[in-house]
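Colleague: I am new to this structure and would like a close look at a single part of it. Could you take me slowly through one sheet and what packs around that sheet?

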Amino acid sequence: MIFITGDTHGDVTRLNTESFFEQKEMTKDDYLIILGDFGLVWEWKGESRHEKHWLDWLEEKSFTTLFIDGNHENHDRLNEMPVTEWHGGKVHKVRPSVIHLMRGQVFDIDGASIFTFGGARSHDIMDGILEPDDPRIKKWYADYTKFFRVNKRTWWERELPTKEEMEEGRKNLEKIGWNVDFVMTHCTSSSTTALLGLGTQEQDILTRYLQEIREKLDYRYWFFGHHHMNKAINSEEICLYEQIVQIR
């Protein structure tokens, strides 16, 4: 079985047995996929007590937790983890059964082919990215009108992809003839973002890349998070947030 859900931002309590009762019939060969902004690899000083508690909690679950990265992850910590191959693609294993599905990979999971590409541009940074020693930080944290992040503390440059990651995605899709069952991303293509009614959000290197993928790739369904809504954009593209949906 494969289930998917949207952003958790470090709060995975929706995966308790009361809300996600299907897990009572699941094993470690069944999967729950989080569509970015997992939020349990976040603290810049290393794994916090909060992170350890909930990562261990997930590890004890009957199922395997998979996630793609969003813009609310500590990409430095993720990218320091050893890269291993799992079900045909590259991963970081945060715990034996809590696994980061890396960008531009094609996985064969429970008989389904899944293309993954995490990341997104942060939109809550209108006042800029401050360095950790900037004297404005303390005052701005108390000012709800300020929208900013702190470099390598609450914001990481690698929220957007490298050229190498994008090219690896193209090459992996070329190998399988540009045809998959499912696409799973955090943000989505430029045209689909516009269909969401979010025309005020500027295109960026990732939305344009995903637009390229969308125009070339044959797929059954494309699932994404990031926008904090549960909405079918059309018959093939679905944005998820709190809902937990079985797809296989």
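Modeller: What follows is a walk through one sheet, its strands, and the helices and core beside them. This is a predicted model, in which local features need pLDDT of at least 70 and side-chain atom pairs count only at pLDDT 80 or more, while totals for chains, interfaces and linings use all residues. Residues are numbered from 1 along each chain as its sequence is written, and side-chain values use heavy atoms, with hydrogens and water left out.

The part to look at is an open sheet of six strands, in the order β7-β8-β11-β12-β14-β13, with mixed pairing. Strands here are DSSP runs of E with at least two residues, helices are runs of H or I with at least four, and both are numbered from the N terminus; two strands pair if DSSP finds at least two bridges between them. At the edges stand β7 (105-109) and β13 (231-232), each with a single partner strand, so one side of each is left without a neighbour in the sheet.

Starting from the β7 edge, β7 and β8 run antiparallel and are joined by five bridges, with Gln105 standing opposite Thr116 of β8. The two strands form a hairpin with two residues between them, and in the turn Asp110 has a positive phi of about 55°. On its way into the sheet, β8 pairs with β11 in the parallel sense over four bridges, and Ile114 has Phe182 of β11 as its bridge partner. At the other edge, β13 pairs with β14 (residues 237-239) in the antiparallel sense over two bridges, where Ala232 has Ile238 as its bridge partner.

How many residues of β8 are buried? Six of its six residues are, where buried means under 20% relative accessible area with a 1.4 Å probe and protein chains only, exposed means over 50%, and partly exposed lies in between. Both faces of β8 are covered, with Ala112, Ile114 and Thr116 buried on one side and Ser113, Phe115 and Phe117 buried on the other.

Phe115 leads on to the largest nonpolar core, which has 21 residues, and Phe115, Leu173, Val180, Tyr209, Ile213 and Leu217 are those with the most contacts inside it. Such a core is a set of buried Ala, Val, Leu, Ile, Met, Phe, Trp, Tyr and Cys residues joined through side-chain atoms within 4.5 Å. At least two residues of this core come from each of β8 (112-117), α4, β11 (179-185), α6 and β12 (218-224), and the largest share, four residues, comes from α6.

The two helices named there also pack on each other: α4 (residues 163-175) and α6 (residues 205-216) meet at an angle of about 10°, with their axes 12 Å apart. Axes are lines fitted to C-alpha atoms, for helices over the stretch in contact, and angles run from 0 to 180 degrees between N-to-C directions. The helices are therefore roughly parallel to each other, a term that covers angles under 35 degrees. In α4, Glu165, Met166, Gly169, Arg170 and Leu173 meet Ile205, Tyr209, Glu212 and Ile213 of α6, where contact means heavy atoms within 4.5 Å.

Tyr209 ties these pieces together, since leaving aside its neighbours within four places in sequence, Tyr209 is in contact with Phe115, Phe117, Glu165, Met166, Gly169 and Arg170.

Note on methods. Angles under 35 degrees count as roughly parallel, over 145 as roughly antiparallel, 65 to 115 as roughly perpendicular and the rest as oblique.
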